[in-house]
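Student: Could you walk me through this one, sheets first and then a couple of helices?

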Amino acid sequence: MTDRGRSMLAEADLQIVLRHAADAITVQAPDGRLVYANLAAARSLGYESPEALLDTPIADVMSRFELLDEDGGPLEPSALPSRQALAGRAGSPTMVRFRDVSTGHERWSIVQAIPIHDESGGVRLVINTFQDVTQLRNTDHRLRMLADAGAVLSQSVDYQQTLQGLADLLVRTIADWCVIDVLEGEADATRVAIAHLDPAKRRLAEEIQRRYPSTAETAGGVHDVMRTGQSILIADVTDETLRGAAQDDEHYRLLREANIGSVAIVPLRVRDEIFGALTLIGSAGSHRFSEADLPVIEELARRAATVVDNTRLLHEANDAVRLRDDFLAMASHDMRTPLAVILANLQLARRRITAPDADPSEIGKNLDAAERTTQKLTGLVGELMDISILRSGQPLPLNREPIDLASVVGSTTDEYRRLGGDHQITASLQNGIVGEWDA
């Protein structure tokens, strides 16, 4: 093979390499016209082939996109590296967000342009390269969002306030709408948080919920997720989807007005229990959810569910402490009264013993009363011990023996008759009711 043949082969190989390079590459003439594009450039701009892209005026190509800077602000065309290169300057690489005007999808690229000069120093060509970093940026964005969500979820012990804070965060990052429903007991799900960047849309969502509440009887959506535990992802909500979800024509009209374009619903689950659902909605032409978003959304739901569960456990613990304190207060009161009776009877008995005309029968009554009250106090202490045993999960020990229930009722009636004051307490007894019981 001649040197010229090897050169032609190398040139042909170079064309193949450029055409199939992973990064997008375009070449512009000095007047800005596209004179070359590879497959990656054509497809990233929404064209089937480089030839189709080159047949389209550059102004028409650019009109399909909204150019944004790294922070999401409008990017002036004059700030594009290609514009600087056409002016003869080799600018630094620039991060550009290309937002598709028709779909709202965004693509992030590091754009660099290099001017090629002719012999007189003028610009002969401009080579543009686009390094797609969309996946990298999305991953970074998701990690930042998880970190921000963790900070929000740790701010309050009121889980409704916490979930509302999470909803507000999500509509600033990955969604246009966020709705969180939680099961309260065995009732239908209660909407505990709703957020939308547009107050008018939020009012519309509240109106839809008020007029067409989601219940266990209405099929689909949130209740399907809570029943099955399986997430639902609808990347592109069609008109047919809305008609299928609408309960009547007015409901369909309101759903259309809501401009729902994409939906993701994931369960709130903790310790194998599903008690709610997190719903994210992207408006048509704005946020669109994909399978890649689902693991992140499910992780957010898992963290939110853990916070709700911890908050509920904290409230239950606080309630248990309050009940314990109430019980101890009542037990303390119930014990203080018989102790006062015992003390009073013993003091009275002591004074009567030292009296010159001491009456043994009266002293005996005081001692009998003190003894009976002591027995009552012993019974209260025994009840407290029984409660402690039961709360520990241990069986209650019983001292069963032959007992006549009539005698038990009779002695109990006598005791309360003495304590009853003006109340008349009577009991109709029948002897011989004997069994093996704990008295």
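What follows is a short back-and-forth on sheets, helices and caps.

Tutor: Ground rules before we start: this is a predicted model, where local features need pLDDT of at least 70, side-chain atom pairs count only at pLDDT 80 or more, and totals for chains, interfaces and linings use all residues. Residues are numbered from 1 along each chain as its sequence is written, and side-chain values use heavy atoms, with hydrogens and water left out.

Student: In the open sheet of six strands, what is the strand order?

Tutor: Helices (H or I, at least four residues) and strands (E, at least two) are DSSP runs, numbered from the N terminus, and two strands pair if DSSP finds at least two bridges between them. Here the pairing is antiparallel, and strand 2 and strand 3 (65–68) are the edge strands, each pairing on one side only. The order reads 2-1-6-5-4-3.

Student: Which residue is the bridge partner of Val-27 in strand 2?

Tutor: Strand 1 (residues 24–28) and strand 2 (residues 34–37) run antiparallel, joined by three bridges. They make a hairpin with five residues between them, and Gly-32 in that turn has a positive phi of about 95°. Opposite Val-27 you'll find Tyr-36.

Student: At about what angle does helix 6 run to strand 5?

Tutor: Strand 5 (residues 106–117) is tied to strand 6 (residues 123–132) by nine antiparallel bridges, with Ile-116 standing opposite Leu-125. Helix 6 (residues 134–153) lies across strand 4 (94–100), strand 5 and strand 6. Axes are lines fitted to C-alpha atoms, for helices over the stretch in contact, and angles run from 0 to 180 degrees between N-to-C directions. On that scale, helix 6 runs to strand 5 at about 140°.

Student: Now the five-stranded sheet: which strands stand at the edges?

Tutor: This open sheet is antiparallel, in the order 8-7-11-10-9. The edge strands each have a single partner strand, so one side of each is left without a neighbour in the sheet; they are strand 8 (189–196) and strand 9 (232–234).

Student: Why are the buried residues of helix 8 on the same side?

Tutor: Buried means under 20% relative accessible area, exposed over 50%, partly exposed in between (1.4 Å probe, protein chains only). In helix 8 (199–211), the buried ones are Leu-204, Ala-205 and Ile-208, while Arg-203 and Arg-210 are exposed on the other side. The arc is that of the directions from the helix axis to the C-beta atoms, and the buried residues share a side because they cover only 100°.

Student: What covers those buried residues of helix 8?

Tutor: Contact means heavy atoms within 4.5 Å. Helix 8 packs on the five-stranded sheet, with its direction at about 160° to that of strand 8. The cover includes strand 7, strand 8 and helix 11.

Student: And helix 11, which residue caps its N-terminal end?

Tutor: The buried residues of helix 11 (residues 249–257) are His-251, Tyr-252, Leu-254 and Leu-255. They sit on the same side of helix 11 because their arc is only 160°, and they pack against helix 8, helix 10 (239–245) and strand 10 (260–270). For the cap, a polar contact is a pair of N or O atoms within 3.5 Å; within protein, one must be able to donate a hydrogen and the other to accept it, and residues adjacent in sequence count only if both atoms are side-chain atoms. A side-chain oxygen lies 3.1 Å from the backbone nitrogen of Glu-250, and the capping residue is Asp-248.
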